[in-house]
Amino acid sequence: MVDAKDSFYIALRDRLTTLNPQRTMMARGAVRPGILVEEAEPAVSQLPRDVYVLRWTGVSRDLSLPSRMVMLNCEIHYCTAGSDAACGLDRGRALTTMDSEVVEMLEPASTPAMSFDAIPATATGGTTFWTTPSFGTTIISRDCLGRMAKVTVFARQAEGDE
Amino acid sequence: MLRRASQPCGADGDQVGLGRGSYQDSPLSPAVFRRVRANMQESAECGWELLLSASSVQAQVSAAQLDSADTLFAEVVGLIVGTKTFLIEAISSSEAFGQVYLYRLLLREAQPKAQ
């Protein structure tokens with residue numbers, strides 16, 4: 001399962017770098033693409049703006065799927081207050097841009113599964129794939145507009161996961 | 001009072017929680033650390049407050065070659081007091097004549113590990 005989560009994040013991160021190289025953030029002393037895994041970063045009271053935050057929320061198994069397949073629920077949170085240059089009046093457009101980037105990051109809906117336990121990462125020979133995103137309603141919080149998109153990522157359960 | 005920040009880490013493993021990054025502790029001084037006014041809500045966590053001299057914060061910003069105090073605080077993994085770790089809940093600053101002279105951090109104690 002952990003390889004699927006890692007591969008999903010790395011795939012989205014690399015796609016974001018291609019889609020919008022300007023969407024970067026400073027995190028833990030390094031400039032990185034503007035996407036992070038919430039559970040792999042220091043706990044914060046407020047989600048950062050203008051970046052994508054992946055939140056893993058659940059694990060389940062569908063009996064109609066092969067027995068070694070599990071479903072991982074991922075929420076992609078993002079919010080924006082627009083640009084300073086436009087005094088935030090472009091926040092609606094900025095949110096729409098982020099919506100579009102989420103759609104594009106998630107296409108195609110699969111990536112080779114990799115293991116990041118060793119350096120360099122090694123291919124496991126499998127494929128990580130996911131559903132099309134379902135987008136929530138716009139969340140208005142003071143000067144910020146935000147949204148959450150839900151995706152189900154499918155993972156083949158490894159021997160040690162049981 | 002120690003500020004614990006991770007060393008620059010941009011590797012894939014660091015970003016997915018493999019924890020290969022190393023950490024650096026820097027002393028924050030002078031500082032006032034105190035419990036904030038008692039919270040009367042049942043089962044609510046008690047908060048803590050940290051008051052920091054802006055000049056000491058600015059010294060760390062310069063030493064770390066960062067652009068602002070916000071960036072410095074954003075890189076904090078935890079604040080260490082004695083053997084306990086605290087997380088930053090909110091940050092505010094006080095100014096006089098256009099100059100920041102004090103940073104006020106609201107802290108929450110990290111969940112203790114099982115013994």
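**Exercise 1. Determine which residues Glu101(A) touches, leaving aside residues up to four places away in sequence, and establish whether Glu101(A) is buried or exposed.**

Solution. Step 1: two residues are in contact if their C-beta atoms, placed from the backbone, lie within 7 Å. With residues up to four places away in sequence not counted, Glu101(A) touches Leu16(A), Leu19(A) and Asn20(A).

The model is predicted: local features need pLDDT of at least 70, side-chain atom pairs count only at pLDDT 80 or more, and totals for chains, interfaces and linings use all residues. Residues are numbered from 1 along each chain as its sequence is written, while chains are lettered from A and ligands numbered from 1 in the order in which they are written.

Step 2: a residue is buried if 20 or more other C-beta atoms lie within 10 Å of its own, exposed if 12 or fewer, and partly exposed in between, with C-beta atoms placed from the backbone. Glu101(A) counts as buried because it has 20 C-beta neighbours inside 10 Å.

Step 3: helices (H or I, at least four residues) and strands (E, at least two) are DSSP runs, numbered from the N terminus. Glu101(A) has its place in helix α2 of chain A.

Step 4: from Glu101(A) to Val153(A) the separation is 52 residues in sequence and 18 Å in space, C-alpha to C-alpha.

**Exercise 2. Describe the surroundings of Ala94(A), which is found in helix α2 (residues 91-105) of chain A.**

Solution. Step 1: Ala94(A) counts as buried because 20 C-beta neighbours lie inside 10 Å.

Step 2: not counting residues up to four places away in sequence, Ala94(A) touches Thr80(A), Gly82(A) and Ser83(A).

Step 3: Thr80(A) is 14 residues from Ala94(A) along the chain, and their C-alpha atoms are separated by 6.8 Å.

**Exercise 3. Identify the residues that touch the most other members of the largest nonpolar core, and the element that gives the most to this core.**

Solution. Step 1: a nonpolar core is a set of buried Ala, Val, Leu, Ile, Met, Phe, Trp, Tyr and Cys residues joined through C-beta atoms within 7 Å. The largest has 34 residues, of which Phe8(A), Tyr9(A), Leu12(A), Cys74(A), Ile76(A) and Val153(A) touch the most other members.

Step 2: the elements of chain A that give two or more residues to this core include α1, β5 (69-80) and β10 (144-156). The most, 7 residues, comes from α1(A).

Step 3: Phe8(A) touches Cys74(A), Thr128(A), Trp130(A) and Val153(A), with residues up to four places away in sequence not counted.

**Exercise 4. Characterise chain A as a whole.**

Solution. Step 1: chain A has 2 helices and 10 strands. From the N terminus on, its elements run α-β-β-β-β-β-α-β-β-β-β-β.

Step 2: the radius of gyration is taken over C-alpha atoms, and the globule rule is 2.2 Å times the number of residues to the power 0.38. For 162 residues, a compact globule would have a value near 15 Å, so the 17 Å of chain A agrees.

Step 3: the C-alpha atoms of chain A fill a box of roughly 55 × 35 × 30 Å, taken along the principal axes. Buried residues make up 29% of the 162 residues in the chain.

**Exercise 5. Analyse the pairing of β1 (residues 24-27) and β2 in chain A.**

Solution. Step 1: two strands pair if DSSP finds at least two bridges between them. β1(A) and β2(A) pair in the antiparallel sense over 4 bridges.

Step 2: Met25(A) stands opposite Arg32(A) in β2(A).

Step 3: the two strands form a hairpin with 2 residues between them, and Arg28(A) in the turn has a positive phi of about 50 degrees.

**Exercise 6. State how many residues each chain brings to the contact between chains A and B, and describe the side of chain A.**

Solution. Step 1: chain A brings 17 residues and chain B brings 19 residues.

Step 2: α1 (2-19) and β2 (30-33) of chain A each supply at least two residues of the side of chain A that touches chain B. The largest share of that side, 3 residues, comes from α1(A).

Step 3: Ala, Val, Leu, Ile, Met, Phe, Trp, Tyr, Cys and Pro count as nonpolar, Asp, Glu, Lys and Arg as charged, and the others, Gly among them, as polar. The residues of this side divide into 11 nonpolar, 2 polar and 4 charged.
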